[in-house]
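Visitor: Could you take me through one part of this model in detail? I would like a close look at a single helix, and then a sense of what surrounds it.

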Amino acid sequence: MSASGIHIPRRLRAPAPGWTTTADVIVVGSGIAGLTTALRLRRRVARVLLVTKTVLDEGSTAWAQGGIAAVMSPDDSPQEHIHDTLVAGVGLCDVEAVRALVTEGTDAVWDLIAIGADFDRSETGQISLTREGGHHRDRILHAGGDATGREISRALIAALDRVRDDPGIEVIEHALVVDLLSDAGGRVCGVTLHVIGEGQVDGVGAAHARAVVLATGGLGQIYASTTNPAVATGDGMAAALRAGAELADLEFVQFHPTVLYLGDGSTGQQPLISEAVRGEGAFLVDAEGRRVMEGLHPLADLAPRDVVARAIIARMRATGTDHVFLDCRHLGAAFLEQRFPSIVERCRELGFDPATQLLPVAPAQHYASGGVRTDLLGRTSLEGLYACGETSCTGVHGANRLASNSLLEGLVFARRIAEDLTRRLAAGELPEPDPVEVPALASDRPALIRGKRRLAVQRAMTAGAGSVRSAQSLAQTQARLAELAAADDGRKGSPRSWETTNLLHLGQALALVASLREETRGGHVREDFPERDDQSFLHHTVIRRRDDGDLTVTIEPVPAANLAGLDLDQPHPEEQHERLP
């Protein structure tokens with residue numbers, strides 16, 4: 001374990017809670033992970049409180065275009081899905097977590113269908129399955145062509161609406177979680193949250209519970225360009241970090257290879273061109289019309305996302321350009337409009353017609369493979385705290401998420417969390433909440449930076465800890481973030497400043513662990529260490545805040561059991577692509 005010299009406060013600067021509410025379980029977040037957890041707990045515990053940052057359908061789930069992966073065909077098998085997931089994870093997946101994901105995923109998807117999720121079907125009524133990068137079988141379910149996440153979100157919210165009158169569940173929208181509450185023994189027993197304009201429940205309050213489930217999504221807004229919605233400011237991860245929970249493998253950030261390039265200086269959420277488009281036959285070319293992925297990987301344009309993103313970056317560097325092109329023209333207008341209606345509509349709104357034009361694309365931040373570390377039941381290192389979905393690090397994704405495994409992970413592990421909480425609450429293992437005031441350390445200032453500094457955080461992370469990193473770039477990012485952390489002007493906190501400070505704290509943690517991994521693996525690309533190093537770096541990086549406020553990093557070797565069946569002495573398929581110059 002090594003100390004970092006980076007200090008993180010225990011809590012953000014916020015007003016004292018002006019109101020209090022109590023539940024058995026608080027679920028924070030309303031994507032597939034949060035909604036599934038809350039719905040499954042509703043009939044099993046006395047009271048569930050579901051809080052969400054804006055409104056129920058504004059999270060990342062609704063933006064998922066490609067689909068949800070599951071073994072649904074007799075031509076497929078759990079073993080093949082497990083294999084594809086492990087290959088994408090480049091040796092860092094937890095094999096038991098992957099096995100749980102795949103073997104429980106099929107039933108979980110059928111349950112999703114049972115509550116009303118309407119996936120696309122063939123003319124014979126069979127569920128349509130397609131393929132995405134890294135998959136060797138057709139196992140991706142989709143809805144509305146390219147609106148899978150929105151359909152899943154709709155079905156889950158409709159199921160919630162049907163039980164809104166149930167006193168056993170309460171929903172608070174427009175609620176930003178500020179920090180976690182703890183009892184005298186360090187057990188998490190609630191949250192402080194800021195609610196905007198919700199009648200009697202307004203301003204900062206305290207919600208007490210016997211357990212808290214964080215399902216707040218990812219940290220995409222930490223970068224200047226991302227496919228994530230504006231709400232993805234890492235609030236749950238940052239609150240867990242400040243409370244002392246372990247976060248694992250933060251350095252592995254997936255950059256989606258095909259995000260519509262809107263020109264230099266375009267920031268915020270960018271239009272995603274789903275991997276499913278390449279799954280239907282689109283391919284990448286450079287300005288000269290040369291295929292980008294030809295001869296670089298056995299799966300060519302359907303190689304794992306990190307492989308494709310890295311190849312695009314290499315081609316852009318070699319040609320001195322800032323984007324490549326996706327060629328969909330041969331698929332035809334009729335097919336594209338039927339299969340990808342949302343993508344076609346959005347492209348045309350922005351002046352691009354995929355049926356007649358090459359689409360300019362470049363990698364942008366898409367998914368965080370690391371997060372709050374959990375076991376197979378969703379429990380974190382802090383008693384009483386659970387995490388699920390992109391907020392968590394279950395070990396499923398390893399160094400790189402396999403396409404369309406994210407929705408499945410949220411679904412499967414939400415079910416596991418609900419089962420575990422039901423059992424533990426019935427057994428009396430989780431006591432009634434009794435939060436205590438945590439005294440601030442003299443070194444806890446600064447605890448807040450102003451919201452207007454968000455772009456500075458994003459630019460620092462993009463420049464030095466983005467899709468390609470080096471020791472020098474990471475050092476520059478760490479220095480810039482330290483400057484921003486010292487820029488506290490003493491002002492009272494607000495939602496914008498809390499979000500920005502969350503991004504700052506996570507940026508400091510991410511840049512630190514990225515500087516320690518001196519190799520290229522999965523979503524972590526080091527131009528100064530372009531080779532994968534299985535001898536020295538088959539390990540996880542685990543970061544946490546000590547009681548004195550300093551961040552510490554622990555290096556944990558990958559258990560031998562997780563390497564069974566993986567021949568890491570043989571060249572990995574991703575090593576067949578060209579290296580960064």
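Guide: Happy to! Let's settle on helix 4, which covers residues 148-161 of this predicted model. From its first C-alpha to its last, this 14-residue helix reaches 20 Å, close to the 20 Å expected at 1.5 Å a residue. How many of its residues are buried? The count is 10 of the 14, so helix 4 is largely enclosed by the rest of the structure. Buried here means under 20% relative accessible area. The buried positions are Thr148, Gly149, Glu151, Ile152, Ser153, Ala155, Leu156, Ile157, Ala159 and Leu160.

Now to a small sheet. Strands 5, 7 and 6 form an open sheet in the order 5-7-6, with antiparallel pairing. Strand 5 (68-69) and strand 6 (129-130) stand at the edges with a single partner strand each, so one side of each has no neighbour in the sheet. Strand 7, at residues 140-141, is joined to strand 5 by two bridges, and isoleucine 68 has leucine 141 as its bridge partner there.

Stepping back to the whole protein chain, its secondary structure comes to 13 helices and 24 strands. The radius of gyration is 22 Å, close to the 25 Å from the globule rule for 581 residues, so the chain is as compact as a globular protein of that length. Its C-alpha trace spans about 65 × 55 × 50 Å along the principal axes. Buried residues make up 62% of the chain. Among contacts with a separation of 6 or more, 74% are between residues 24 or more positions apart. As for the accessible surface, the total is about 20,900 Å², and carbon and sulfur atoms account for 49% of that.

How values were computed:
Residues numbered from 1 in each chain as written. Predicted model: local features only at pLDDT ≥ 70, side-chain atom pairs only at ≥ 80, totals over all residues. Heavy atoms only, no water. Pairing = 2+ DSSP bridges. Helix = DSSP H or I, 4+ residues; strand = E, 2+ residues; numbered from the N terminus. Expected span 1.5 Å × (residues − 1). Buried < 20%, exposed > 50% of the residue type's maximum accessible area, 1.4 Å probe, protein only. Rg over C-alpha atoms; globule rule 2.2 N^0.38 Å. Contact = heavy atoms within 4.5 Å. Areas by Shrake-Rupley, 256 points an atom, 1.4 Å probe, with all protein chains shown as cover.
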